[in-house]
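Me: Please examine the model shown below. I should like to discuss its surface, its burial and its charged pairs.

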Amino acid sequence: MGLGPRSPHKAGRRFPAGGKRGRGAKVLGRSSGRERQPCPPPDGRSPPALDAHPHLSPEALGYFRRALLALKEAPEAGEERELMVHNVLKEVEAQALALATNRTGSEMLQELLGYSTLKPLCGVLAALRPSLRSVACHRCGVHVLQSALQQLPRLLGSCAEEEAEEEEAVPPLETLEELVLGLASEVCDDFLFYCGDTHGSFVVRTLLQVLGGTLLESERARPRGSRSPEAQRTPARECKPTDFEVPESFLNCLQDLSSCFLKDIAVFITDKISSFCFQVALQILHRKVPQLCAHLCNAVIDYLSNRNSSADGSPLLLFLRDQTSSRLLEQVLLVLEPPRLQSLFEDHFQGQLQTMAAHPIANFPLQRLLDAVTTPELLSPVFEELSPALEAVLAQGHPGVVVALVGACRRVGTHQAQVLQLLLEAFHCAEPSSRQVACVPLFATLMAYEVYYGLVEEEGAVPADHQVEMGAARALGEVTVLGSLLLQHLLHFSTPGLILRSLGALTGPQLLTLAQSPAGSHVLDAVLTSPSVTRKQRRRVLKTLKGQYVALACSRHGSRVLDAIWNGAALGARKEIAAELGERNQELIKDPFGHHVARNVALTTFLKRREAWEQQQGAVAKRRRVLNSILED
């Protein structure tokens, strides 16, 4: 479609918001078409013959329920609480398997483990270890094992202290380190089975994280009832890992466990469940053992490159269109070092980017390739190849590709003016120039100019000028997640003037709608935090919100924006905000979000003791100036 003359079907274009996989989803999720579904183990692996699980009596279930309630009500620290935890978990040891494989008992045991100290946790793990396969492959038991392993960041530091205190004549039990290494050894002995089992794979993934001293937020166990669909779909790359110290033996075991992927690499590339374990391993190794990570990535690329040749280029392209292997390739792209990424692009992807962008599956690995670009040497050929097709890519429903390309331009710092001009053309607001002031609503909603304003233009007709009255009368449309991300990237460009002018042209109600939107509120965050936005430009945009502060304060997302505005405001601006809020103080106090804002602003003090309030705010402003000067130095 390119950048040539308008074709008849361009005149009224609404760009699809993108497939629900990746960043096009409601909360950056993935579509159900690409979700991992339970599948039979690959050839050569048979499901285990699980022993019948012991029965948990109603009396025992009632006891543990009462014990958990008592723990929640007990003081957070003290000998009484420690003794209670010790006694309850001592009872758990005797019935650990029955609790772990009972749905209600499993949920209670997960919560109890959160209170556990070192010795009781070791007792529970030791009790479950003889039945490892049975528990790990049970739909309830697996969550207990996950929760037990995820206590390690909290308890590993206390191992040496507790062991030093317990030098007694009684032969010591296995240490936590020995228990975890023992579990890892058993998993390693039957690695292919555990990785391929729907439930067992969760244990492998958690074990990889614990051995590497890194917990990935997306992989943490949560109580089953607390998992929202959005939380389940959140990809790991969007979550910040948590690092913690582990003994050297853990890192050695991590390398041994990760080397198992090489023995059956074809299975881990093509099997849906097993592939998840490989993806987590790459994320952990990238942080802790980069040499092994690079070796595994090269093994994947070499294996796929040597398969049957594709008619239209590298055989690797066939796997980019496959639902399972493309997921693994996405992770490979994210952890490759820049020189290897450059050679991979030149050997396999160059000349195929527009084809990938149009494909319903291959466009996601392309987005990860763009996310991984960090050098001008790689961005330049990628931009040259993709830029003529931006409007076509948007029309095909893959705006995530466009957002990733804009993100790469922001990160690398090149091609920024070019990509902004191409976006204006793709959304039909480049010419006449009066339309450019309307770009923010178009980008935010992912709609072309004619669609957003409901215009009908004849083929070949000269585009009409933008009417300010028409723009002011139109309520702001629903802000999409990808539209918000697009605007955030553009506001971090070196010269975001056009975007700021468009934001400044919004009416108060339109800007309020943006601030109250779950996705749109982050656009205002970018206005407040972007180093490219000057203080004067920031004030010019935010002054439109005057008269809307109470509505902002009484909104879930708007109140967060108002807090951010308040934290960066000078004393004069704070007085204006407080005065406007003070006129409706009672309404704020009764509102679930507004009363937090009133407390943050110290509204009661402002209304009753103005001088004291001004002294307090002046002191806060002085501390902030001192802190800023220190940070600048």
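Reply: This is a predicted model, in which local features need pLDDT of at least 70, side-chain atom pairs count only at pLDDT 80 or more, and totals for chains, interfaces and linings use all residues. Residues are numbered from 1 along each chain as its sequence is written, and side-chain values use heavy atoms, with hydrogens and water left out.

Me: How much area does the chain expose, and what percentage of it do carbon and sulfur atoms supply?
Reply: Accessible areas come from the Shrake-Rupley method with a 1.4 Å probe; for residues, only the protein chains shown count as cover. The chain exposes about 28700 Å², and the share supplied by carbon and sulfur atoms is 52%.

Me: What percentage of the residues count as buried?
Reply: Buried means under 20% relative accessible area, exposed over 50%, and partly exposed in between (1.4 Å probe, protein chains only). Of the 633 residues of the chain, the buried share is 52%.

Me: Is Lys536 buried or exposed?
Reply: Lys536 belongs to helix α34, residues 535-542; helices (H or I, at least four residues) and strands (E, at least two) are DSSP runs, numbered from the N terminus. Because its relative accessibility is 54%, Lys536 counts as exposed.

Me: Is Thr544 buried or exposed?
Reply: Thr544 is found in the loop between α34 and α35 (549-553). Contact means heavy atoms within 4.5 Å, and, residues up to four places away in sequence aside, Thr544 touches Gly504, Leu506, Thr507, Gly508 and Leu511. Its relative accessible area is 18%, so Thr544 is buried.

Me: Which parts of the chain does the salt bridge of Arg287 and Asp243 tie together?
Reply: A salt bridge is a side-chain nitrogen of Lys or Arg within 4 Å of a carboxyl oxygen of Asp or Glu. The side chains of Arg287 and Asp243 meet in such a bridge at 2.6 Å, N to O. The two residues are 44 residues apart in sequence, so the pair ties together helix α16 (residues 272-288) and strand β2 (residues 242-243).

Me: Which helices hold Arg368 and Glu330?
Reply: The side chains of Arg368 and Glu330 form a salt bridge (3.4 Å, N to O). This pair links distant parts of the chain, 38 residues apart: Arg368 lies in helix α22 (residues 363-372) and Glu330 in helix α19 (residues 325-335).

Me: Is Asp525 buried or exposed?
Reply: Asp525 meets Arg560 in a salt bridge (2.7 Å, N to O). Arg560, at 32% relative accessibility, counts as partly exposed. With a relative accessible area of 15%, Asp525 is buried.
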